[in-house]
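The exercises that follow are meant to be worked with the sequence and the coordinates side by side. Try each task before reading its solution.

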Amino acid sequence: MPVEITWWGHATCTVEDSNVRVLTDPLFARRLAHLRRRRGAVPPPDAWRADVALVSHLHADHLHVPSLARLAPGTRLLVPRGAPRTVPGLRRLAHLRLTEMSPGDETDVGPLRIRAVPAEHDGRRLPVGPHRSPALGYVVEGEARTYFAGDTGLFEAMAKEVGPVDVALLPVGGWGPYLGEGHLDAGRAAEALTRLAPRSAVPVHYGTYWPIGMDAVRPHEFHAPGEEFVRRAAQCAPAVAVHRLAHGESVRPAVAP
């Protein structure tokens with residue numbers, strides 16, 4: 001079966017490879033604290049199906065305990081090392097098979113090998129949280145090598161740490177009018193393509209959630225990042241096929257023979 005990527009919104013994707021379903025940063029909420037889902041339907045129950053779920057870091061829009069609770073009993077769950085200490089709700093998810101990961105760690109899920117790689121991002125649960133876990137990206141290796149970046153900024157060793165990949169799922173925006181440090185915008189994500197040189201890329205982490213009451217504040221930061229990434233990527237990395245998906249849309253990207 002060809003590798004298939006489905007984007008459900010924000011950083012939530014399903015990667016189907018070698019008949020294994022990998023779910024990234026599951027977030028199935030219509031509202032999260034001060035954020036409201038402004039575009040795309042809440043992912044349907046089919047999106048909850050996974051053999052393994054990957055959590056990139058502890059921020060609540062990436063590690064969302066109520067969404068993780070919807071996963072079927074026996075689902076593997078990979079989280080940054082130390083996450084259960086910092087997020088007690090994880091310890092209540094006894095129906096999931098939890099594994100803590102640090103950069104460089106690898107684990108097998110059926111025929112897939114999943115490797116945790118560094119990310120340049122704040123790993124705390126809250127901006128002033130007392131505990132810190134590493135923010136991670138993941139490389140899923142099966143019929144393709146798919147890099148899920150989580151949240152990250154550019155960093156010097158990105159290409160070395162990630163290694164050769166066929167598909168890159170890259171964040172290109174955020175959920176508010178300003179991006180802080182440790183994030184990729186459309187331009188920096190296009191620069192990441194020049195370092196990683198994947199065959200295909202899918203922009204994620206934009207155009208889904210926005211703060212309540214701020215619809216008119218810098219609306220281009222909500223609407224434009226996907227199209228801007230396509231434009232910047234064509235300039236910086238014209239050999240990369242960029243697939244800008246609608247919410248719930250799937251693509252079967254080209255992979256190395």
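**Exercise 1.** How many residues of strand β1 (residues 4–9) are buried? Then establish how β1 is paired with other strands.

*Solution.* The structure is a predicted model, and residues count as buried when their relative accessible area is under 20%. By that cut-off, 6 of the 6 residues of β1 are buried, and the strand is accordingly described as mostly covered. Turning to the pairing, β1 and β2 run in the antiparallel sense and are joined over 5 bridges, with Glu4 finding its bridge partner in Glu16 of β2. These two strands form a hairpin with 2 residues between them, and in the turn His10 has a positive phi of about 55°. Strand β1 is also joined by 2 bridges to β17 (residues 250–251), again in an antiparallel arrangement, and here the bridge partner of Thr6 is Ser250.

**Exercise 2.** Locate Asn19 and Ala33 between their strands, and decide for each whether the residue is buried or exposed.

*Solution.* Begin with Asn19, which is placed in the loop between β2 (12–17) and β3 (20–24). Its phi is near 65°, a positive value in a residue that is not glycine. The threshold for an exposed residue is over 50% relative accessible area, and because Asn19 has a relative accessibility of 65%, Asn19 is classed as exposed. Next take Ala33, which belongs to the loop between β4 (31–32) and β5 (35–37). Here phi is near 55°, a positive value in a residue other than glycine, and since the relative accessibility of Ala33 is 59%, Ala33 is likewise exposed.

**Exercise 3.** Describe how helix α4 (residues 186–196) and helix α6 (residues 225–236) are arranged with respect to each other: at what angle do their axes cross, and which residues make the contact?

*Solution.* The description of two packed helices rests on the angle between their axes and on the distance between those axes. For α4 and α6, the axes come within 8 Å of each other and cross at roughly 35°, and the crossing by which α4 passes α6 is right-handed. On the α4 side, the contact is made by Ala186, Gly187, Ala189, Ala190, Leu193 and Thr194, while α6 contributes Pro225, Glu228, Phe229, Arg232, Ala233 and Cys236. As a last step, sort the contact residues by class: 8 are nonpolar, 2 are polar and 2 are charged.

Definitions and conventions. Residues are numbered from 1 along each chain as its sequence is written. This is a predicted model: local features need pLDDT of at least 70, side-chain atom pairs count only at pLDDT 80 or more; totals for chains, interfaces and linings use all residues. Side-chain values use heavy atoms; hydrogens and water are left out. Axes are lines fitted to C-alpha atoms, for helices over the stretch in contact, and angles run from 0 to 180 degrees between N-to-C directions. Helices (H or I, at least four residues) and strands (E, at least two) are DSSP runs, numbered from the N terminus. A crossing is left-handed if the near helix is turned anticlockwise from the far one by less than a right angle, and right-handed if clockwise. Contact means heavy atoms within 4.5 Å. Ala, Val, Leu, Ile, Met, Phe, Trp, Tyr, Cys and Pro count as nonpolar, Asp, Glu, Lys and Arg as charged, and the others, Gly among them, as polar. Buried means under 20% relative accessible area, exposed over 50%, partly exposed in between (1.4 Å probe, protein chains only). Two strands pair if DSSP finds at least two bridges between them.
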